[in-house]
Amino acid sequence: MSKTRVLYISHNHPSVRPGGAEQYALELYEAMRESDRVEPVLVAKAGPPISSTTQHHAGTIFSRVGSDPNQIFAHTDGSTYDWLLGSSQQKELYTQHFRDLLLALQPEVVHFQHTLFFGYDMVRLVRRTLPDIPIVYTLHEFLPICHRDGQMVRTVDETRCLEPSPRRCHECFPDISPQTFFMRKRLIQSHLLMVDRFIAPSRFLLERYVDWGIPRERIMFEEYGRLLPPDRTSVDRDGAEECRRDRFGYFGQLNRFKGVTVALEAMGIVSERADPDFFDLSALPHLWVHGANLEIQPSAFQRAFNDLLERTSGVVTYAGP
């Protein structure tokens, strides 16, 4: 039985810079590689601002990731990416490089894990180049909806924004007109019209995209993975069960959106309220932080993170990336 060739496209590769969507895309590729029905190919961005390397073969932006012929780096310059409209100013990216790759690979399905740095134009390129194949798009976050890094949090008062509109977006970004935000939405939606099926990993996210304008019947809900209940019991030497929920872990990128500073502030409260005359710090709850990319965050965030680490050194361990 012949295998179905599926092309996965991601905005980054975990070997270049760790990240949740990147890791998910790689693990999905690796799982499909073990299938007897699918031949996967993974294309991920490399080059600035993701990495400093710009090395690739003459005449093409593509190179192999390690020794796996089906994992491919696409070296692009992220400084040419238009963050507002979600489009690359390197038009040869579409007219030459990716078009030639699509014609060479002839995938039977294209699954977008992300279009960041490549641009939403990539979706239309796939439809024009291979008009009959299905296009799938996993909605990992809210970047198409929200210009504030896809956070759907207002710049004016840091409240959640569940009703985005050109007027409200202009209030968050006064230097960008409501008309431009209207055009932005229409442009991005026009590209995403080319998608046959969207995947939403949360029901909340699914509803936000339905509110934004994607027909409900084109989005399917599928979680990233199965959530198992934590094992809340341990057995002591006498065989009695005891409940221990005092060991915590943070796994993820270190940035101002992920909540790591909230966790550190909470641990600071724990340690400050513990009277050293009565409490052994080793008996207090403890947090292990596993996080990457601190070095690329704004200096104010780096200082706040490091200050909190110093304050909570007795109850927090920073394990690094």
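**Entry 1. The largest pocket**

I began with the largest pocket of this predicted model, and I noted about 1,100 Å³ of space in it. I then listed its lining, which comprises 31 residues. Those closest to the centre of the pocket are Gln151, Gln253, Asn255, Phe257 and Lys258.

Which element gives the largest share of the lining? I found that α1 does, with 4 residues. Both α1 (20-33) and β13 (247-253) supply at least two residues of that lining. By residue class, I recorded 14 nonpolar, 11 polar and 6 charged residues around the pocket.

**Entry 2. Overall make-up**

I counted the secondary structure next: the protein has 8 helices and 15 strands. Of its 321 residues, 46% are buried. I also looked up the contacts with a separation of 6 or more, and 67% of them join residues 24 or more positions apart.

**Entry 3. Nonpolar cores**

I looked up the largest nonpolar core and found 48 residues in it. Phe98, Phe112, Tyr137 and Tyr209 have the most contacts inside this core. Helix α2 (residues 92-105) contributes the largest share of the core, 6 residues.

I followed one of these residues, phenylalanine 98, to its neighbours. Leaving aside residues up to four places away in sequence, phenylalanine 98 touches Val43, Ile61, Phe62, Ala74, Leu93, Phe118, Met122 and Leu125.

I noted another core, of 16 residues, lying apart from the largest one. Tyr250, Leu264, Met267 and Val289 are among its members.

**Entry 4. Valine 110**

I turned to valine 110, which is placed in strand β7 (residues 109-112). Is valine 110 buried or exposed? Its relative accessible area is 0%, so I entered it as buried.

I then checked its distance to leucine 7. The two residues are 103 residues apart in sequence, yet their C-alpha atoms are 4.8 Å apart in space. Leu7 also appears in the contact list of valine 110, together with Ile9, Leu102, Val126, Ile133, Pro134, Ile135 and Val136; residues up to four places away in sequence are not counted there.

**Entry 5. Salt bridges**

How many salt bridges does the structure hold? I recorded 11, and I examined several of them in turn.

I took arginine 5 and glutamate 39 to begin with; their side chains meet in a salt bridge at 3.1 Å, N to O. Arginine 5 belongs to strand β1 (residues 4-10) and glutamate 39 to strand β2 (residues 38-46), so this pair ties together parts 34 residues apart in sequence. Both ends came out as partly exposed: arginine 5 has a relative accessible area of 24%, and glutamate 39 has one of 26%.

I then looked at arginine 127 and aspartate 196, whose closest N and O atoms are 2.8 Å apart in a salt bridge. Arginine 127 sits in helix α3 (residues 121-129), while aspartate 196 is in the loop between α5 (178-192) and β9 (197-200), so parts 69 residues apart in sequence are tied together. The two ends fall into separate accessibility classes here. Arginine 127, at 15% relative accessibility, counts as buried because the cut-off for buried is under 20%. Aspartate 196 is partly exposed, with a relative accessible area of 41%.

Arginine 148 and glutamate 158 form a further salt bridge, with 3.0 Å between the closest N and O atoms. I located both in the loop between β8 (135-138) and α4 (166-172), 10 residues apart. Arginine 148 counts as buried, at 16% relative accessibility.

I also noted a network: Arg154, Arg167 and Glu171 are joined by salt bridges that share partners.

**Entry 6. Positive phi angles**

Which value does phi take in glutamate 158? I read a positive value near 60 degrees, in a residue other than glycine. This is the glutamate that bridges to arginine 148, and its place is in the loop between β8 and α4.

I entered asparagine 293 beside it. Asparagine 293 is not a glycine, yet its phi is positive, about 75 degrees. I located asparagine 293 in the loop between β14 (286-292) and α8 (299-311). Its relative accessibility is 5%, so I recorded this loop residue as buried.

Terms used
Residues are numbered from 1 along each chain as its sequence is written. This is a predicted model: local features need pLDDT of at least 70, side-chain atom pairs count only at pLDDT 80 or more; totals for chains, interfaces and linings use all residues. Side-chain values use heavy atoms; hydrogens and water are left out. A salt bridge is a side-chain nitrogen of Lys or Arg within 4 Å of a carboxyl oxygen of Asp or Glu. Buried means under 20% relative accessible area, exposed over 50%, partly exposed in between (1.4 Å probe, protein chains only). On a 1 Å grid over the protein atoms alone, a cavity is a set of points where a 1.4 Å probe fits but cannot get out, and a pocket is an open set with protein on both sides within 12 Å along at least five of seven lines; lining residues have an atom within 4 Å of a point. Grid points are joined across faces, edges and corners, and a volume is the space filled by probe spheres set on the points. Ala, Val, Leu, Ile, Met, Phe, Trp, Tyr, Cys and Pro count as nonpolar, Asp, Glu, Lys and Arg as charged, and the others, Gly among them, as polar. A nonpolar core is a set of buried Ala, Val, Leu, Ile, Met, Phe, Trp, Tyr and Cys residues joined through side-chain atoms within 4.5 Å. Contact means heavy atoms within 4.5 Å.
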